[in-house]
Every structure is written in structure tokens, then in C-alpha cells.
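Work through the exercises below with the structure in view. Try each task before reading its solution.

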Amino acid sequence: MPQITVDYSAVLSEGFDRPAFAKALHEEVVRTAAAKPEACKTQFRATEDTVVGPDTDGHAIVHVTLGLLAGRTDETKVTLTENVLGLLREYVKLGEGLAFHASAEVRDLDPSYRKFES
């Protein structure tokens, strides 16, 4: 915990400093949601195709999902989400002519959540 997934349009691959974003994101999760630094895990998934409305070109999307153990207030979740969007503004550099769509959500991990590390 936390389990973080970042889905992003592949067209952003060169302009998205993913390692720096993950480091800053982990620091933010520790500061805002009282997570332990060593518990933060982020996976990035590039998607080849992005379609917005009828447009198949000219758009780039990033969506960040943060799964946390239950117990954070709604206020904490909103603050974290807003701060994640601020980090995306800082770490994503757009190519010319791209419309940028960024979103984030914080959700509680299901009570069935378990982990294994070796």
C-alpha cells in the first residue's frame, strides 16, 4: 500500500518524466496520506490509442489511480487528488498541438487486499 497506477497516452512518452513524477508522487502520498515511503508502489502503463469524442488525434490523457488502505477522510483524498494533478502539470511536457486531459482518483483498497513480497 499504496498501489498506484498511471495510465498515459504513449504520445507523451518522451515528455513525461515518469521516474521524477513517481518520486514526487510518493513524497506527496507520504505527506498527505501518511503512507510509508517504502510502501509506495507505482506502475506506468502506456496506451497506444487515445480517442476523445470523435477525435482520434490531437489528444493526450493521463489518469492516476491511487489505492489506499481504508481510513483516510474524504478531505484527505480530495487534497491528494488535487496535488497529484498539480504534479502532472509539472512533470508532463506536451508536444505542440496536443490537448491534455489529466485526471486522478483515490480509492480505498478492498478489505480483501493482501500483499506478498520476497
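**Exercise 1: A pair within a helix**

The side chains of Lys23 and Glu27 form a salt bridge, at 3.3 Å from N to O. This is a predicted model.

Task: Find where Lys23 and Glu27 lie and how many residues apart they are. Then class each as buried, partly exposed or exposed.

Solution.
- Step 1. Locate the pair. Both Lys23 and Glu27 sit in helix H1. They are 4 residues apart, about one turn of the helix.
- Step 2. Recall the cut-offs. Buried means under 20% relative accessible area, and exposed means over 50%. Partly exposed lies in between.
- Step 3. Apply them. Lys23 has 55% relative accessibility, so Lys23 counts as exposed. Glu27 has 41%, so Glu27 counts as partly exposed.

**Exercise 2: Another pair in H1**

Task: Describe the salt bridge between Arg31 and Glu28. Is Glu28 buried or exposed?

Solution.
- Step 1. Check the distance. The side chains of Arg31 and Glu28 meet at 2.7 Å, N to O.
- Step 2. Check the spacing. Arg31 and Glu28 are 3 residues apart in helix H1, which means about one helical turn between them.
- Step 3. Check the surface. Arg31 is exposed, with a relative accessible area of 59%. Glu28 has 8% relative accessibility, so Glu28 counts as buried.
- Step 4. Look for a network. Salt bridges with shared partners join Lys41, Lys115 and Glu117 into one network.

**Exercise 3: A pair between strands**

Task: Which strands hold Arg45 and Asp7?

Solution.
- Step 1. Confirm the contact. Arg45 and Asp7 form a salt bridge through their side chains, at 2.7 Å from N to O.
- Step 2. Place the residues. Arg45 is in strand S2 and Asp7 is in strand S1. The two are 38 residues apart, so this pair links distant parts of the chain.
- Step 3. Class them. Arg45, at 45% relative accessibility, counts as partly exposed. Asp7, at 21%, is also partly exposed.
- Step 4. Look at the strands themselves. S1 and S2 run parallel and are joined by 7 bridges. One bridge partner pair is Tyr8 and Ala46, with Ala46 in S2.

**Exercise 4: The sheet and its helices**

Task: In what order do the strands of the sheet lie? Which helix packs on S1, S2 and S3?

Solution.
- Step 1. Read the order. The 4 strands form an open sheet, S2-S1-S3-S4, with mixed pairing.
- Step 2. Find the edges. Strands S2 (41-47) and S4 (99-108) each pair on one side only.
- Step 3. Add the helices. Helix H1 (residues 18-33) packs on the sheet and touches S1, S2 and S3. Helix H2 (residues 74-91) lies across S3 and S4, at about 150 degrees to S4.

Technical notes:
Residues numbered from 1 in each chain as written. Predicted model: local features only at pLDDT ≥ 70, side-chain atom pairs only at ≥ 80, totals over all residues. Heavy atoms only, no water. Pairing = 2+ DSSP bridges. Contact = heavy atoms within 4.5 Å. Axes fitted to C-alpha atoms, helices over the stretch in contact; angles between N-to-C directions. Salt bridge = Lys/Arg side-chain N within 4 Å of Asp/Glu carboxyl O. Buried < 20%, exposed > 50% of the residue type's maximum accessible area, 1.4 Å probe, protein only.
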